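Reader: I am new to this structure. Could you walk me through some of the terms used for it?

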Amino acid sequence: MPSHEHEFPVDLIRNDPRFAVELLQEVGGKPLPEHTRVRCDASEATRTAPVQLIADSVVVCERQPFPHERTDEPVPVLGIITEPQNKWDPRKPYSWPAYVANIRHRLRCPVALLVLTPTTALARRYSEPIDLGCGEIRPLVLALDTLEPVTDQSVAAAHPVLTVLSLASNPTDDEAALKALITALKSLDTSASSLYSDYVLAALSAAALGSLEKIMTLSDYEFRTELIGRPFREGEAKGQAEGRAEGRAEAILGILDARGIAVSDGVRERVTSSTDLAELDRWVRRAVGVERAEDLFE
């Protein structure tokens, strides 16, 4: 099962494909082709080969057709393949060129390969050119540990998804960064804010969560999430330690249920009987990535 760290950037791009363009500009530093629309495309890179090749994310930048092109359909000008990688995989330098070639063949436009890694050390390994024997492919690699948490609220409003990803990748209890997070979430579409809220809350430490709750009481923002936000709100309304513990326990069980992970009576009892807020916060963060409910306690 893909990990939380792997799926988070991909989910952000699926929800807002323009974020892939923003990340590519962040790491590439070059102007992109003029385009009027950005959309997600099929991730399959397979043609007639027997091996199935599926990229994590494919985004297409498009423009309106010129008169001589004799079509009413938008014209692709750039494809962006995004591949989060949390560890070294020696198979990727062989599969990635196939992704690029086949998706380029399908879209009939240039294709960029964007790789996201959690560390700079891993980024260096994936940045090596891939020798094809008749040329090479150069992955554009962004190390998420280089993304400084946003503390400027104007920047957060202009780049809300990048603000969420940078804080989730490099959690901090810095008050300016947490206030910027609230600003970023306010500027996002309310229908999508649940996704962003759940992921970033799962990454924050217990101290940061406590600071965030204090900031929330002074702002007019309310986390729009049923997995984590609602239990936090209920705990705050009760104003008691047992209420906050109950809310976190409900969040843990809700996340596991939403991910389709079976919860035994023993696990449920241990979660609901705990009154240690730091322990419960740790389990909330783990619930996003574990494969078995029992792994919460390891």
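Author: Here are a few questions and answers about this model, which is a predicted one.

Reader: Let's start with Arg-70. Why is Arg-70 called exposed?

Author: Arg-70 has a relative accessible area of 81%. Exposed means over 50%, so Arg-70 earns the word. Arg-70 sits in the loop between β2 (57–63) and β3 (75–84). Its phi is near 55 degrees, a positive value in a residue that is not glycine.

Reader: And what makes Arg-108 exposed?

Author: The reasoning runs on the same cut-off of over 50%: Arg-108 has a relative accessible area of 63%, so Arg-108 counts as exposed. You will find Arg-108 in the loop between α3 (92–107) and β4 (111–117). Arg-108 is not a glycine either, yet its phi is positive, about 60 degrees.

Reader: How do you know that helix α6 is largely enclosed by the rest of the structure?

Author: Helix α6 covers residues 160–169, and 9 of its 10 residues are buried, so the helix is largely enclosed. Buried means under 20% relative accessible area. Among the buried residues of α6 are Val-161, Leu-162, Leu-165 and Ala-168.

Reader: Why is α6 called oblique to α7?

Author: The axes of α6 and helix α7 (residues 175–187) come within 8 Å and cross at roughly 140 degrees. Roughly antiparallel would need an angle over 145, and roughly perpendicular covers 65 to 115. The angle fits neither, so α6 is oblique to α7. The crossing of α6 with α7 is left-handed.

Reader: Which residues make that contact?

Author: From α6 come Pro-160, Thr-163, Val-164 and Leu-167, while the α7 side includes Ala-177, Leu-181 and Ser-187. The residues of this contact divide into 9 nonpolar, 2 polar and no charged.

Reader: What makes Ile-80 and Ile-252 stand out in the largest nonpolar core?

Author: That core has 56 residues, and Ile-80 and Ile-252 touch the most other members. Helix α11 (residues 241–258) gives the most to this core, with 7 residues. There is also a second, separate core of 20 residues, including Ala-55, Tyr-99, Leu-113 and Val-141.

Reader: Which residues does Ile-80 touch?

Author: Leaving aside residues up to four places away in sequence, Ile-80 touches Ala-20, Val-21, Leu-24, Ser-57, Val-58, Val-59, Cys-61, Ala-112 and Leu-114. Touching here means heavy atoms within 4.5 Å.

Methods
Residues numbered from 1 in each chain as written. Predicted model: local features only at pLDDT ≥ 70, side-chain atom pairs only at ≥ 80, totals over all residues. Heavy atoms only, no water. Helix = DSSP H or I, 4+ residues; strand = E, 2+ residues; numbered from the N terminus. Buried < 20%, exposed > 50% of the residue type's maximum accessible area, 1.4 Å probe, protein only. Core = buried A, V, L, I, M, F, W, Y, C linked by side-chain atoms within 4.5 Å. Axes fitted to C-alpha atoms, helices over the stretch in contact; angles between N-to-C directions. Parallel < 35°, antiparallel > 145°, perpendicular 65-115°, else oblique. Left-handed = near helix turned anticlockwise from the far one by under 90°. Nonpolar A, V, L, I, M, F, W, Y, C, P; charged D, E, K, R; others polar.
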